[in-house]
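Take a moment to look over the chain below. Then follow the paragraphs from the whole fold down to single side chains.

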Amino acid sequence: MVDCKDIAENLLDCLKETDCMKVHGKGAKECMKEGDDCRVFRNTYFECKRSQLDMRTRIRGMKAR
């Protein structure tokens with residue numbers, strides 16, 4: 001099974017560097033909804049979590065893009 005922990009840590013590190021968290025002091029959940037600063041990490045994390053639920057992906061592995 002795929003471990004999404006490293007991807008989640010990268011996403012959180014990216015969010016901590018945004019103005020939303022640094023300047024405005026908002027939470028990670030709010031900042032993920034507001035900005036596109038960490039869109040790549042957010043999408044990668046989403047795909048990772050989705051692959052854990054998809055039985056076809058669990059059997060065949062991740063699709064090559």
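**A walk through the helices**

Start with one side chain. Arginine 50 has a relative accessible area of 43%, so this residue counts as partly exposed. Keep arginine 50 in mind; its salt bridge partner comes up later. Remember too that this is a predicted model.

Now step back to the whole chain. The secondary structure comes to 5 helices and 0 strands. Along the sequence the pattern reads α-α-α-α-α. The chain has 65 residues, and 18% of them count as buried. About 5500 Å² of the chain is exposed, and carbon and sulfur atoms supply 51% of that area. What about contacts across the sequence? Take the contacts with a separation of 6 or more: residues 24 or more positions apart account for 46% of them.

Next, helix H1. What span should its 12 residues have? At 1.5 Å a residue the expected value is 16 Å, and the end C-alpha atoms are 16 Å apart, so the two agree. The buried residues of H1 are Leu11, Cys14 and Leu15. They cover an arc of only 100° around the axis, so they sit on the same side of H1. Which helices do these buried residues pack against? They pack against helix H2 (19-22), helix H3 (28-34) and H4.

That brings us to the core. The largest nonpolar core has 6 residues: Leu11, Cys14, Leu15, Cys20, Cys31 and Cys38. Helix H1 (residues 5-16) gives the largest share of this core, 3 residues. Look at Leucine 15 in particular. Leaving out residues up to four places away in sequence, Leucine 15 touches Met21, Ala28, Cys31, Met32 and Cys38. Two of these names, Cys31 and Cys38, also appear in the core list.

Move on to helix H4, residues 39-53. Its 15 residues should span 21 Å at 1.5 Å a residue. The end C-alpha atoms are 21 Å apart, which agrees. Which residues of H4 are buried? They are Cys48, Ser51 and Gln52. These residues cover an arc of only 105° around the axis, which puts them on the same side of H4.

Finally, the charged side chains. How many salt bridges does the structure hold? There are 4. One of them joins arginine 50 to glutamate 47, at 3.0 Å from N to O. Both residues lie in helix H4, 3 residues apart, which is about one turn of the helix. Glutamate 47 has a relative accessible area of 22%, so glutamate 47 is partly exposed. The line between buried and partly exposed is drawn at 20%.

Another salt bridge links lysine 26 and glutamate 34, at 2.7 Å from N to O. Are these two residues buried, partly exposed or exposed? Lysine 26 has 30% relative accessibility, so lysine 26 counts as partly exposed. Glutamate 34, at 48%, counts as partly exposed too.

A further salt bridge pairs lysine 22 with glutamate 17. Their closest N and O atoms are 3.2 Å apart. Exposed here means over 50% relative accessible area. Lysine 22 has 53%, so lysine 22 counts as exposed. Glutamate 17 has 54% and is therefore exposed as well.

Technical notes. Residues are numbered from 1 along each chain as its sequence is written. This is a predicted model: local features need pLDDT of at least 70, side-chain atom pairs count only at pLDDT 80 or more; totals for chains, interfaces and linings use all residues. Side-chain values use heavy atoms; hydrogens and water are left out. Helices (H or I, at least four residues) and strands (E, at least two) are DSSP runs, numbered from the N terminus. Buried means under 20% relative accessible area, exposed over 50%, partly exposed in between (1.4 Å probe, protein chains only). Contact means heavy atoms within 4.5 Å. Accessible areas come from the Shrake-Rupley method with a 1.4 Å probe; for residues, only the protein chains shown count as cover. The expected span of a helix is 1.5 Å times one less than its number of residues. The arc is that of the directions from the helix axis to the C-beta atoms. A nonpolar core is a set of buried Ala, Val, Leu, Ile, Met, Phe, Trp, Tyr and Cys residues joined through side-chain atoms within 4.5 Å.
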